[in-house]
Amino acid sequence: MTQQSSMQKPLSDATSQASLWIKHPLAIYTANDQDARNGIVIQGGQIVELVAQGQQPTHPIDQVFDAQNLVLLPGLINTHHHFYQTLTRACPPALNKRLFPWLQTLYPIWAGLNEDMLRAATELAMVELLLSGCTTVSDHHYLFPSQLHNAIDIQVEVAQSLGMSATFTRGSMSLGVDDGGLPPQSVVQTEDEIMADSERLASRYHQAGGDIQIALAPCSPFSVTPELMKASAALAQQRDLLLHTHLAETEDENAFCLSSLGKRPLDYLESVGWLQSRTWLAHGIHFTSDEIQRLGHAQVGICHCPSSNMVLASGICAVNELKAAGANVGLGVDGSASNDHSNLMQEIRQALLIQRLKYPADEFTHLDALHLATKGSANVLQRHHQGEIAVGKQADIALFALDEPRFSGSHDPLAALVLCGASQAHSVMVKGQWKVRDKVWLGGDLSALMAKHSQAAQTLYAP
Ligand SMILES: [Zn+2]
């Protein structure tokens, strides 16, 4: 056995069969009721043993990582984002606007997105998430202007080079301004193009239960026709894919839907075959009690996006009622034009704070907030091999040091992460491979990436 402190060189990787004991964490959140207070053993990219308090591993141990000053969490999972929006953070013309005018302001800017810009945005957003303790991402990309037909191919390439797990959703918009929709015609595609590309991407990249997964994701049910919604559901059934869209984000959307379709959003969703367990919805705020029961009965997933909902003054997701009804609820930072950060650890704190405006303090705890971003999100993305600390789960972990002034004097380490406001992971492992050590990304030059990304943002939008 070799002793190795957390300050030394990176340890085991996914190809190695060497066993690694992450020993004696200061605290651990497993997202279940199992005892791993003396740490976990990792081998071959998986968690192979939980070591209970006062116990020693039964597996032969090749390497030891001393975690006595670190809090261990399952790798965080982000269930909704628009990576390209990192290029329009805090963008002057869109500041302080409601959802629809905010979108109408940004669409013409986003129409200039090209391949290099999307590559830089995807890489920057994924690294930003990784540094916050996130190991699995989902991105909802629905902009395909003529210069950017291969957006999802680019995103898959980036995820593979970073070694992170990702569910990329092939988004779509087919109703432009000419047909009564919100986006300019230059960013919408024909429905034949959308379905052909969806089939191509599913065939080429989707790995059921694997690192890279593809889902189908019209931007909203009102940015495509009912025929495209139905065709997407049929393809999802045929290829065993998930379905994703935005729904019930604002009251304006309810009014829009009632006036243009004669139905509330959920009734419309049901009418096109989407009220089912393959579907997960971003936001999911403005539902009636009856609608919440229907969502739960259908086991629909909901991605709670607290910061975005606060920035756009959209409302508060009824997380507890949705969970009680049987829906899966996870967490997402949402796109960077409405957050505007991609820090999932900070988003856990935002979830706690916004839910405390809806529920009494003892009905939504710091552990409930941590659950949303771990096992809750894994359930939403149906990545059941991830999101918790248990034997047989993928070795995705995030370790946090309580070494900043904001933590000084804190007592409960797990509560301190959420309440004092952790934002930067000390070390992050994906599938047994270290990606962050001592708060440094090991996969590349962060300054160079930020310079490239900032340049792309300047090219996309100049006042
Ligand atoms: Zn969104």
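## Strand 7 and its partners

Start with Leu 70, which sits across from Ala 401 of strand 16. This is a predicted model, so read everything below in that light.

That pairing belongs to a set of 5 bridges between strand 7 and strand 16 (residues 397-401), with the two strands running antiparallel. Strand 7 also pairs with strand 3 (residues 27-28), this time through 2 bridges and in a parallel arrangement. On that side, Ile 28 has Leu 72 of strand 7 as its bridge partner.

## How enclosed is strand 7?

Strand 7 covers residues 70-74, and 5 of the 5 are buried, so the rest of the structure largely encloses it. Here buried means under 20% relative accessible area.

The side chains split two ways: Leu 70, Leu 72 and Pro 74 point to one side of strand 7, while Val 71 and Leu 73 point to the other. Whichever way they point, all of these residues are buried.

## The zinc site

Now for the metal. Three histidines and an aspartate hold the zinc ion: His 80, His 82 and His 246 each coordinate through NE2, and Asp 334 through OD, at 2.1 to 2.4 Å. If you want to spot the donors along the chain, look for the spacing H-x1-H-x163-H-x87-D. His 80 and His 82 are both buried.

What about the geometry? The 4 donor atoms subtend angles of 88 to 171 degrees around the zinc ion, and that makes the arrangement irregular. For four donors to count as tetrahedral, all angles would have to lie between 85 and 135 degrees. One caveat on the zinc ion: water is not among the atoms, so sites may look incomplete.

## Helix 12 against helix 13

Helix 12 (residues 366-380) and helix 13 (residues 413-421) have axes that come within 9 Å of each other and cross at roughly 80 degrees. That crossing makes the two helices roughly perpendicular. On the helix 12 side, the contact is made by His 366, Leu 367 and Leu 370; helix 13 brings Leu 414, Ala 415 and Val 418 to it.

## A look at Pro 226

Pro 226 is found in helix 5, which spans residues 226-239. With 30% relative accessibility, Pro 226 counts as partly exposed.

Which residues does Pro 226 touch, leaving aside its neighbours within four places in sequence? Those contacts are Tyr 268 and Val 272. As for Leu 243, it lies 17 residues from Pro 226 in sequence, and the C-alpha to C-alpha distance between the two is 14 Å.

Conventions:
Residues are numbered from 1 along each chain as its sequence is written. This is a predicted model: local features need pLDDT of at least 70, side-chain atom pairs count only at pLDDT 80 or more; totals for chains, interfaces and linings use all residues. Side-chain values use heavy atoms; hydrogens and water are left out. Buried means under 20% relative accessible area, exposed over 50%, partly exposed in between (1.4 Å probe, protein chains only). Helices (H or I, at least four residues) and strands (E, at least two) are DSSP runs, numbered from the N terminus. Two strands pair if DSSP finds at least two bridges between them. Donors are N, O and S atoms within 2.8 Å of the metal (3.2 Å for Na, K and Ca); water is not among the atoms, so sites may look incomplete. Four donors count as tetrahedral if all angles lie between 85 and 135 degrees; four count as square planar and six as octahedral if opposite donors are over 155 degrees apart and all others between 65 and 115; anything else is irregular. Axes are lines fitted to C-alpha atoms, for helices over the stretch in contact, and angles run from 0 to 180 degrees between N-to-C directions. Angles under 35 degrees count as roughly parallel, over 145 as roughly antiparallel, 65 to 115 as roughly perpendicular and the rest as oblique. Contact means heavy atoms within 4.5 Å.
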